[in-house]
Amino acid sequence: MMTKSKTFKMLATAGLAILPLYSVSSYAAQAPITLTVHNTQLNIDGHNETVYQITNSAGGNGFTGREGENFNAIVKNDTDKPITLHWHGLVDPNKEDGVPDVTQLPIPPHGQQHYDFKLNQTGTYWMHSHVGFEEARLMAAPFIIYPKSGPEANVKNVTMMVQDFNYASPNSIWKALTKPNESKLKINGNEINDVPPNVLLANRHTLKKPEIVRVKVGEKVRLRFINGSTDTNVYLNMGKLDNTLIAVDGQGVKPVNGNNYQVAIAQRSDVLFTVPHKGAFPIIAEGEGTKLRTGIILATEGAKIPNISEKVNTEYPAYNYKQLLQLHAKTPLAKRKVDEHYTLNLTGDMTKYAWEINGKTWPNTPPLWVSKGERVEVTLNNESMMPHPMHLHGTDFQIVSLNGKAIDGPMRDTVNVLPHSKVTIAFDADNPGVWAFHCHILWHADAGMMTTVRYRDYPAPQYYLNLTHQPATAPKA
Ligand SMILES: [Cu+2]
């Protein structure tokens with residue numbers, strides 16, 4: 001079978017051959033951008049680390065586009081490892097979703113693959129590797145979609161992406177986690193973090209040398225905050241800034257005022273505020289269950305930049321559900337009858353570091369079969385002592401119940417299910433495919449906490465069937 005990248009190379013060659021027939025400008029307007037995934041050296045508090053970076057054609061980090069335009073991009077793998085990039089939170093065609101052995105085969109070292117689909121959403125999203133532990137070495141970047149009309153006039157958009165980082169190699173962390181007969185089976189872990197980070201980064205900086213963003217008094221700012229961590233939920237601390245939370249996971253919420261927001265692994269929060277006076281305004285992310293924080297500093301011209309230590313004396317507390325109860329979708333799902341209901345029991349077997357869904361680990365987890373047009377509900381029943389930020393690909397969902405009680409919750413793509421609690425999500429099955437559904441703690445996903453939502457009429461790729469030993473066609477209902 002011809003792969004898409006091969007097809008693209010042929011088309012590109014053909015395109016070059018016929019180029020003189022077209023004006024250069026019209027050809028250029030349709031040309032895809034390139035997202036190059038490459039290694040780079042990053043100095044993190046004196047440690048020289050080899051990490052990944054995703055650089056776009058313009059030299060920037062990640063992608064910024066507009067609703068209605070196409071995301072037309074060649075992902076170029078300039079590393080010596082197989083990769084994929086997943087567009088987190090996007091309602092994309094299944095074959096563009098970037099999940100190895102589910103929606104595509106990995107892009108081989110020095111290979112490339114072309115992605116091209118229409119952006120039907122606006123908001124704050126991100127991209128990250130879905131292969132191995134590459135995300136732990138920072139193979140991730142923002143994916144921002146402005147409305148059709150472009151960025152709002154007179155609003156400064158500030159993107160802040162937080163990532164946790166360990167100086168130990170991901171392979172050595174994994175070896176320690178999965179060491180047989182280990183009684184604790186965690187690296188100095190508590191019940192919040194399996195792998196407590198050494199440091200938290202904000203836009204790849206630590207608080208020892210934070211990113212400074214220049215702002216003006218009276219300027220309106222939209223902070224697009226992304227938690228791109230592998231294992232650390234954070235609190236977004238806005239300090240004394242009077243602000244409004246307007247969106248989570250790219251989806252509008254009824255405005256909420258606060259200064260300390262829970263942003264779990266893989267989630268995003270968009271916050272609006274006006275620079276009230278001259279000075280410096282630190283935007284801080286605090287690691288749940290850790291003594292670590294990171295941040296960027298917004299500052300007016302000439303303002304004194306404060307020194308903020310990246311370690312505090314006491315651990316930031318565990319999450320609760322107070323915030324979830326405050327969040328309501330701006331545009332909730334229409335009320336209708338539920339056609340399918342699934343329950344996923346989330347458990348952990350610490351004797352072998354297996355994180356399970358209904359007692360099974362990926363790729364042996366049976367899929368959640370759905371049909372196009374159905375309203376589907378899934379109850380995530382966390383029977384373990386750790387939180388699981390569960391992410392469903394290819395659709396938004398609404399949180400409709402908490403511990404058995406109906407709520408009018410937000411639309412999201414990632415829901416953090418706290419220990420010994422139960423959350424029900426609902427979505428309309430209108431994007432056929434085989435969609436990954438997994439815990440976004442990198443180590444939990446790799447330890448098996450992943451399944452798929454599989455549309456009955458969608459032909460699953462052969463590599464997926466080979467890996468999962470699932471039937472090619474849906475069982476009779
Ligand atoms: Cu988990």
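Strands here are DSSP runs of E at least two residues long, numbered from the N terminus. Keep that in mind as you click around, and remember that this is a predicted model.

**Stop 1: Ile74**

Select Ile74, which lies in strand E4. Is Ile74 buried or exposed? The cut-off for buried is 20 or more other C-beta atoms within 10 Å. Ile74 has 20 such neighbours within 10 Å, so it counts as buried. Now show what Ile74 touches: leaving out residues up to four places away in sequence, you should pick up Pro32, Thr34, Gln112 and His114. For a sense of distance, add Met139, which is 65 residues from Ile74 in sequence, with 16 Å between the two C-alpha atoms.

**Stop 2: the sheet around E4**

Widen the selection to the open sheet of four strands, ordered E2-E1-E4-E6 with mixed pairing. Strand E2 (47-56) and strand E6 (112-118) are the edge strands, and each of them pairs on one side only. Look along the sheet and you can follow its twist, which averages 30° from one strand to the next.

Go through the pairs in turn:

- Strand E4 (residues 70-77) runs antiparallel to E6, with seven bridges between them. Pick Lys76 and you will find its bridge partner in E6, Gln112.
- Strand E1 (residues 33-44) pairs with E4 too, in the parallel sense and over five bridges. Here Ile33 stands opposite Ala73 in E4.
- E1 and E2 are antiparallel and share 10 bridges. Try His38, whose bridge partner in E2 is Gln53.

Before you leave, zoom in on the link between E1 and E2. These strands form a hairpin with two residues between them. Select Asp45 in that turn and check its backbone: phi is positive, at about 50°.

**Stop 3: Val162 and the core**

Next, jump to strand E9 (residues 155-165). Eight bridges tie E9 to strand E12 (residues 220-227), and this pair is parallel. Strand E10 (residues 199-202) also pairs with E9, but antiparallel, through four bridges. To see one bridge from each pair, select Val162 with its partner Asn227 in E12, then Asp164 with its partner Leu200 in E10.

Stay on Val162 for a moment. Which residues have the most contacts inside the largest nonpolar core? They are Met127 and Val162, in a core of 111 residues. Beyond its neighbours within four places in sequence, Val162 is in contact with a list that includes Leu200, Leu201 and Ala202. Also among its contacts are Ile226, Asn227, Gly228 and Ser229, along with Val234, Ala285 and Thr294. As a bit of background, nonpolar side chains tend to be buried together in soluble globular proteins.

**Stop 4: a five-stranded sheet**

For the last stop, select the open sheet of five strands, which goes E22-E31-E30-E24-E28 and has mixed pairing. Why is one side of E22 and of E28 left without a neighbour in the sheet? Strand E22 (368-370) and strand E28 (414-417) stand at the edges, and each has a single partner strand, so one side stays unpaired. Neighbouring strands in this sheet are turned by 20° against each other on average, ignoring direction.

Finish at the E22 edge. E22 runs parallel to strand E31 (residues 450-455), and three bridges join them. Select Leu368 and then Val453, its bridge partner in E31, to put one of those bridges on screen.

Notes: Residues numbered from 1 in each chain as written. Predicted model: local features only at pLDDT ≥ 70, side-chain atom pairs only at ≥ 80, totals over all residues. Pairing = 2+ DSSP bridges. Axes fitted to C-alpha atoms, helices over the stretch in contact; angles between N-to-C directions. Core = buried A, V, L, I, M, F, W, Y, C linked by C-beta atoms within 7 Å. Buried ≥ 20, exposed ≤ 12 C-beta atoms within 10 Å, placed from the backbone. Contact = placed C-beta atoms within 7 Å.
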